[in-house]
Amino acid sequence: MKILLQTPRERAAEWHAALAAAMPEATVAVWPDAPANPDYALVWKPPAELFVRARPTRAIFNLGAGVDGLMSVPTLPNDVPLIRLEDAGMAEQMADYVVLAVLRAYREMDVYAAQQRAGLWQMRPIIAKSAFGVGFLGFGVLGDAVARLLAPFGFPLYSWSRTRKAAPGVASYAGLAELHEFLAKARVLVCLLPATADTASLLDRAALQTLPPGAHLINVARGGIVVDEDLIAVLDSGHLAGATLDVFREEPLPPEHPFWHHPRIVLTPHVSAVTLVSDSIAQIAAKIHRLERGEAVSGVVDRVRGY
Ligand code: NDP
Ligand code: OXD
């Protein structure tokens with residue numbers, strides 16, 4: 001079996017070693033080496049040239065949960081299944097990150113930090129948890145896992161997805177017709193949607209203004225879901241209390257971007273859930289073995305929906 005591996009260059013040796021150990025029966029080529037017809041390709045944001053030189057015959061594995069960086073490659077073969085990572089150690093990281101951000105918003109830690117810098121000793125009234133709903137915009141593998149970790153803290157939980165969900169303790173909203181009703185409940189909005197044609201710029205001024213006054217946005221999905229200027233306008237107007245941003249339209253975030261120094265924005269460099277090599281390879285190797293036995297696998301991307 002021939003496998004083509006393409007990863008960020010600095011981690012190629014680590015990926016190669018893990019794959020070779022998990023699949024000793026395979027011959028692994030590391031991009032830019034490229035066998036013409038590998039059985040499988042494991043890729044992350046591949047260059048267009050890759051699929052010109054090497055056309056996988058059995059499946060293409062995306063070394064991440066979001067497939068936007070793969071779906072946008074113009075040479076992507078349309079007759080081979082695309083399979084994405086599902087959790088693979090990312091859900092726990094994402095849950096830690098989001099729970100921290102929700103609690104920081106609820107306990108107004110950024111307000112206290114500003115008061116500290118101003119030498120101000122001033123108590124703020126406690127906020128009733130019943131008035132502090134947390135809404136998950138996107139409730140798939142990661143949204144569901146984050147909600148489970150957040151549940152014991154006692155905030156009302158809401159989800160919005162394409163199809164209706166039945167997670168215990170989480171009120172489900174589905175489809176565009178229910179989006180604004182959902183947004184009005186979310187004192188904290190956690191964005192965990194994939195980047196698709198349908199979700200591009202979904203969080204514009206109208207959507208952000210539908211959030212309750214004092215709301216907080218946590219975007220850990222993709223930057224293109226948020227309209228940057230609209231977010232800044234809604235923060236500056238005081239309608240939104242803050243935003244925690246891990247993802248951006250352009251990454252790295254350009255030095256001149258106003259997000260960097262906005263007093264109500266906390267940002268991190270796309271680290272809320274990093275791809276773990278050993279978990280990811282274990283998941284992919286298990287799926288390859290299933291495919292080789294003629295069995296179905298989960299995580300196959302629906303190309304029409306885009307995720
Ligand atoms: P899933 O595919 O499991 O979940 C996606 C969710 O979004 C589903 O609930 C889906 O609804 C919903 N959705 C998609 N399109 C629409 C739409 N048009 N309208 C309403 N709901 C929609 O993905 P994951 O949970 O695994 O990952 C989510 C995203 O997180 C990834 O696509 C990626 O972009 C991002 N990510 C970011 C990371 C980081 O480090 N910042 C790390 C990993 C992922 P339904 O369930 O009904 O299909
Ligand atoms: C992913 C990511 O989609 O790292 O997995 O953003």
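**Entry 1: Tyr173 and its partner**

I began with Tyr173, which is buried at a relative accessible area of 10%. The model is a predicted one, and I read it as such throughout. Phe182 is buried as well, with a relative accessible area of 0%. I call both buried because each value falls under 20%.

**Entry 2: aromatic pairs**

How many aromatic pairs does a search of the whole structure find? I got 8. I looked at Tyr106 and Phe155 in detail. Their rings form an edge-to-face pair, 5.0 Å centre to centre, with 75° between the planes. I noted where the two residues sit: Tyr106 is in helix H4, and Phe155 is in the loop between helix H6 (141–150) and strand E7 (157–161). The pair links distant parts of the chain, the two residues being 49 apart. Buried or exposed, I asked of Tyr106 and Phe155? Both are buried.

I then went back to Tyr173 and Phe182, which also form an aromatic pair. The centres are 6.0 Å apart and the planes make 55°. This pair is tilted. It does not count as edge-to-face because that needs an angle over 60 degrees.

Which residues do ring pairs link into a cluster? I found Tyr106, Phe132 and Phe155.

**Entry 3: cis peptide bonds**

I checked omega next. The bond joining Trp31 and Pro32 is cis, with omega about 15°. Pro32 belongs to the loop between strand E2 (27–30) and strand E3 (40–43).

I logged another cis bond, from Glu251 to Pro252. Omega there is near -5°. I placed Pro252 in the loop between strand E11 (240–245) and strand E12 (265–267).

**Entry 4: positive phi outside glycine**

I looked up Ala88. Its phi is positive, about 50°, although the residue is not a glycine. I found Ala88 in the loop between strand E5 (82–83) and H4. Ala88 is buried, and its relative accessible area is 8%.

His270 also has a positive phi, about 55°, and is not a glycine. Where is His270 found? I traced it to the loop between E12 and helix H10 (277–292). His270 is partly exposed at a relative accessible area of 29%. I do not call His270 buried because 29% is not under the 20% limit.

**Entry 5: His261**

I moved to the loop between E11 and E12, which holds His261. His261 is exposed, with a relative accessible area of 70%. I took the C-alpha separation from His261 to Leu82 and got 39 Å. Along the chain, these two are 179 residues apart.

**Entry 6: salt bridges**

I counted 14 salt bridges in the structure. I wrote up three pairs from the list.

Arg104 bridges to Asp110, with the closest N and O atoms 3.4 Å apart. Asp110 is partly exposed, at a relative accessible area of 35%.

Arg148 meets Asp144 at 2.9 Å, N to O. I see both in helix H6, 4 residues apart, which is about one turn of the helix. Arg148 counts as exposed at 61% relative accessibility.

Glu295 meets Arg290 at 3.5 Å, N to O. The contact qualifies because the cut-off is 4 Å. Both ends are partly exposed: Glu295 has 32% relative accessibility and Arg290 has 35%. Which residues are linked with these two in a network of salt bridges? I found that Arg293 joins Arg290 and Glu295 there.

**Entry 7: a negative patch**

I closed with surface charge. What residues form the negative surface patch? I listed Asp87, Glu92, Asp96 and Asp279. I followed up Glu92, which lies in helix H4 (residues 90–106). Glu92 is exposed, with a relative accessible area of 59%. That fits patch membership, because a patch residue needs over 30%. Patch residues also have no salt bridge, so I would not look for Glu92 among the pairs of Entry 6.

I made one cross-check on H4. The helix holds Glu92 of the patch, and it also holds Tyr106 of the edge-to-face pair. Glu92 is exposed, whereas Tyr106 is buried.

Methods
Residues are numbered from 1 along each chain as its sequence is written. Chains are lettered from A and ligands numbered from 1 in the order in which they are written. This is a predicted model: local features need pLDDT of at least 70, side-chain atom pairs count only at pLDDT 80 or more; totals for chains, interfaces and linings use all residues. Side-chain values use heavy atoms; hydrogens and water are left out. Patches are made of residues with over 30% relative accessible area and no salt bridge: like charges are joined within 9 Å, nonpolar side chains (Val, Leu, Ile, Met, Phe, Trp, Tyr) within 5 Å. Accessible areas come from the Shrake-Rupley method with a 1.4 Å probe; for residues, only the protein chains shown count as cover. A salt bridge is a side-chain nitrogen of Lys or Arg within 4 Å of a carboxyl oxygen of Asp or Glu. Lys and Arg count as positive and Asp and Glu as negative; His and the chain ends are not counted. The place of a charge is taken as NZ of Lys, CZ of Arg, CG of Asp or CD of Glu. Buried means under 20% relative accessible area, exposed over 50%, partly exposed in between (1.4 Å probe, protein chains only). Rings of Phe, Tyr and Trp (its six-membered ring) pair if their centres lie within 6.5 Å; planes under 30 degrees apart count as stacked, over 60 as edge-to-face and the rest as tilted.
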